[in-house]
Amino acid sequence: MQAFVPKTRRIFDLNNVPLVSGTSYVKWHLPSSTSAEHRGRTSKEVIREHKVAWEYDKLLPVRLTIDRNGMLQESEIHFEVMQEYSSGARGERIILGNVRLNLAEYVDAGEDGDGNITRRYLMQDSKINSTLKVRPLNDLS
């Protein structure tokens with residue numbers, strides 16, 4: 001059995017960025033989908049006081065599969081945080097880290113009564129202790 005659940009991803013900010021200059025953006029995608037609407041990126045924002053703020057929202061349907069036992073199958077979303085800065089005459093681009101979330105864990109879950117959870121996630125595959133603030137919203141209303 002399959003169900004379509006409209007989901008909004010909100011990417012708020014990144015903190016504890018080691019550099020104080022340059023720009024940063026987040027690339028995201030659903031690895032289980034080949035659809036172009038299931039990938040995207042935030043705008044490039046300037047790093048200020050070791051922090052980057054995006055306030056990025058994206059609404060799209062996500063197909064979640066229910067197994068024979070009535071459990072939702074995993075549906076991951078991957079975030080890749082990029083940083084661009086100038087070093088001398090040319091610009092540099094580096095990957096600051098990655099965050100992977102299982103969207104099935106956020107269905108019918110919530111702390112604020114409307115099914116929404118906002119959390120900070122420590123970036124993986126990273127040499128820095130930056131955290132990405134994300135809210136996978138359940139838009140079931």
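Reading a nine-strand protein

Mentor: In this predicted model, the secondary structure comes to zero helices and nine strands, and from the N terminus on the elements run β-β-β-β-β-β-β-β-β.

Trainee: How do you know that strand 2 and strand 6 are paired, and in which sense do they run?

Mentor: Pairing requires at least two bridges between the strands, and seven bridges join strand 2, residues 23-29, to strand 6, residues 76-87, so these strands count as a pair, and they run antiparallel. Within this pairing, Val26 has Val81 of strand 6 as its bridge partner, while His29 has His78 of strand 6.

Trainee: What makes strand 2 and strand 4 a pair?

Mentor: Strand 4 covers residues 45-46, and two bridges link it to strand 2 in the antiparallel sense; the cut-off is at least two bridges, and therefore the pairing counts. One of the bridge partners here is Val46 in strand 4, which belongs with Thr23. Strand 2 also pairs with strand 3 in the antiparallel sense, over three bridges, and there His29 stands opposite Arg39.

Trainee: Which strand is joined to strand 6 by 12 bridges?

Mentor: That is strand 7, residues 90-102, which runs antiparallel to strand 6; in this pairing, the bridge partner of Ser86 is Gly91 of strand 7.

Trainee: Why is His38 called buried?

Mentor: His38 is found in the loop between strand 2 and strand 3, the latter being residues 39-41. The relative accessibility of His38 is 11%, and buried means under 20%, so His38 counts as buried. Leaving aside neighbours within four places in sequence, His38 is in contact with Trp28, His29, Leu30, Ser33, Leu60 and Pro61.

Trainee: What makes the link between the side chains of His38 and Ser33 a polar contact?

Mentor: The side chains of His38 and Ser33 are joined at 2.6 Å, and since the cut-off for a pair of N or O atoms is within 3.5 Å, the distance meets the condition, therefore the name polar contact fits.

Trainee: How do you know whether Asn102 is buried or exposed?

Mentor: Asn102 lies in strand 7, and its relative accessibility is 12%, which is set against the cut-off of under 20%, so Asn102 counts as buried. Not counting residues up to four places away in sequence, Asn102 touches Glu74, Ser75 and Glu76. In addition, a polar atom of the Asn102 side chain lies 3.1 Å from the backbone nitrogen of Ala104.

Trainee: Which residues have the most contacts inside the largest nonpolar core?

Mentor: That core has 27 residues, and those with the most contacts inside it are Leu14, Trp54, Phe79, Leu101 and Leu132. Strand 1 (2-15), strand 2, strand 5 (51-65), strand 6, strand 7 and strand 9 (131-138) each supply at least two residues of this core, and the largest share, six residues, comes from strand 5.

Trainee: What does Leu132 contact, leaving aside its neighbours within four places in sequence?

Mentor: The contacts of Leu132 include Ile11, Leu14, Val26, Trp54, Phe79, Val81 and Val99, and also Arg119, Arg120 and Tyr121.

Trainee: How much of the protein is buried, and what can be said about its exposed area?

Mentor: Buried residues make up 40% of the 141 residues, and the protein exposes about 8200 Å², of which carbon and sulfur atoms supply 46%. Finally, among contacts between residues at least 6 apart in sequence, 65% join residues at least 24 apart.

Definitions and conventions. Residues are numbered from 1 along each chain as its sequence is written. This is a predicted model: local features need pLDDT of at least 70, side-chain atom pairs count only at pLDDT 80 or more; totals for chains, interfaces and linings use all residues. Side-chain values use heavy atoms; hydrogens and water are left out. Helices (H or I, at least four residues) and strands (E, at least two) are DSSP runs, numbered from the N terminus. Buried means under 20% relative accessible area, exposed over 50%, partly exposed in between (1.4 Å probe, protein chains only). A polar contact is a pair of N or O atoms within 3.5 Å; within protein, one must be able to donate a hydrogen and the other to accept it, and residues adjacent in sequence count only if both atoms are side-chain atoms. Contact means heavy atoms within 4.5 Å. Accessible areas come from the Shrake-Rupley method with a 1.4 Å probe; for residues, only the protein chains shown count as cover. A nonpolar core is a set of buried Ala, Val, Leu, Ile, Met, Phe, Trp, Tyr and Cys residues joined through side-chain atoms within 4.5 Å.
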